[in-house]
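Biologist: Could you take me through one part of this protein slowly, as you would for someone in a first year of study? I would like a close look at a single loop residue, and then at what surrounds that part of the chain.

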Amino acid sequence: MPALMSSGDPPDAKCALCERTAVGPCARCKRPVCGDCCELTEGGATTFAICLTCVKRGGNSLAPAYRGLVLWLAAIVVGLAAFAALTIALRR
Ligand SMILES: [Zn+2]
Ligand SMILES: [Zn+2]
């Protein structure tokens, strides 16, 4: 009689924060999380799941780096405006 061994349960991805089966990856750190260990957040047209670790670290927004870039660009624009104002003031 051939031994038809069952391979057992499929290797489900475990939640990174608890022992339950993960339902999907975190939108920011890509670790698998279960439904209880993530927060859903609106990101444009789609809803994203972000794990509670990432929510604690940086809120449930998807684009902290983008916000930093905008601040950086704003600083450059302000700097250029100040330089232009100084040039005009020195010409008089
Ligand atoms: Zn979990
Ligand atoms: Zn995460």
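Modeller: Let us start with Asp36, keeping in mind that this is a predicted model. Asp36 has 11 other C-beta atoms within 10 Å, and because a residue counts as exposed at 12 or fewer, Asp36 is exposed. As for its place in the chain, Asp36 is found in the loop between β2 and β3, the latter being residues 38-43. Although Asp36 and Cys15 are 21 residues apart along the chain, their C-alpha atoms are separated by 9.5 Å.

Cys15 leads us to another part of the picture, since Cys15 belongs to the largest nonpolar core, a set of twelve residues. Among the other members are Cys34, Cys37 and Cys38, together with Val33 and Ala49. The element that gives the most to this core is strand β4, residues 46-51, with three residues. If we follow Cys38 and leave aside its neighbours within four places in sequence, we find Cys38 in contact with Cys26, Val33, Ala49, Ile50, Cys51 and Leu52.

A second loop residue may be set beside Asp36, namely Lys30, which is found in the loop between β1 (24-25) and β2 (32-33). Lys30 counts as exposed because it has 10 C-beta neighbours inside 10 Å. The backbone of Lys30 also deserves a careful look, for its phi is near 65°, a positive value in a residue other than glycine. As a general rule, most residues other than glycine have a negative phi.

To place these loops in the whole chain, it helps to know that the protein has two helices and four strands, and that along the sequence they follow the pattern β-β-β-β-α-α. Of the 92 residues in the protein, 14% are buried. Finally, when we consider the contacts with a separation of 6 or more, residues 24 or more positions apart account for 16% of them.

Terms used. Residues are numbered from 1 along each chain as its sequence is written. Chains are lettered from A and ligands numbered from 1 in the order in which they are written. This is a predicted model: local features need pLDDT of at least 70, side-chain atom pairs count only at pLDDT 80 or more; totals for chains, interfaces and linings use all residues. A residue is buried if 20 or more other C-beta atoms lie within 10 Å of its own, exposed if 12 or fewer, and partly exposed in between; C-beta atoms are placed from the backbone. Two residues are in contact if their C-beta atoms, placed from the backbone, lie within 7 Å. A nonpolar core is a set of buried Ala, Val, Leu, Ile, Met, Phe, Trp, Tyr and Cys residues joined through C-beta atoms within 7 Å.
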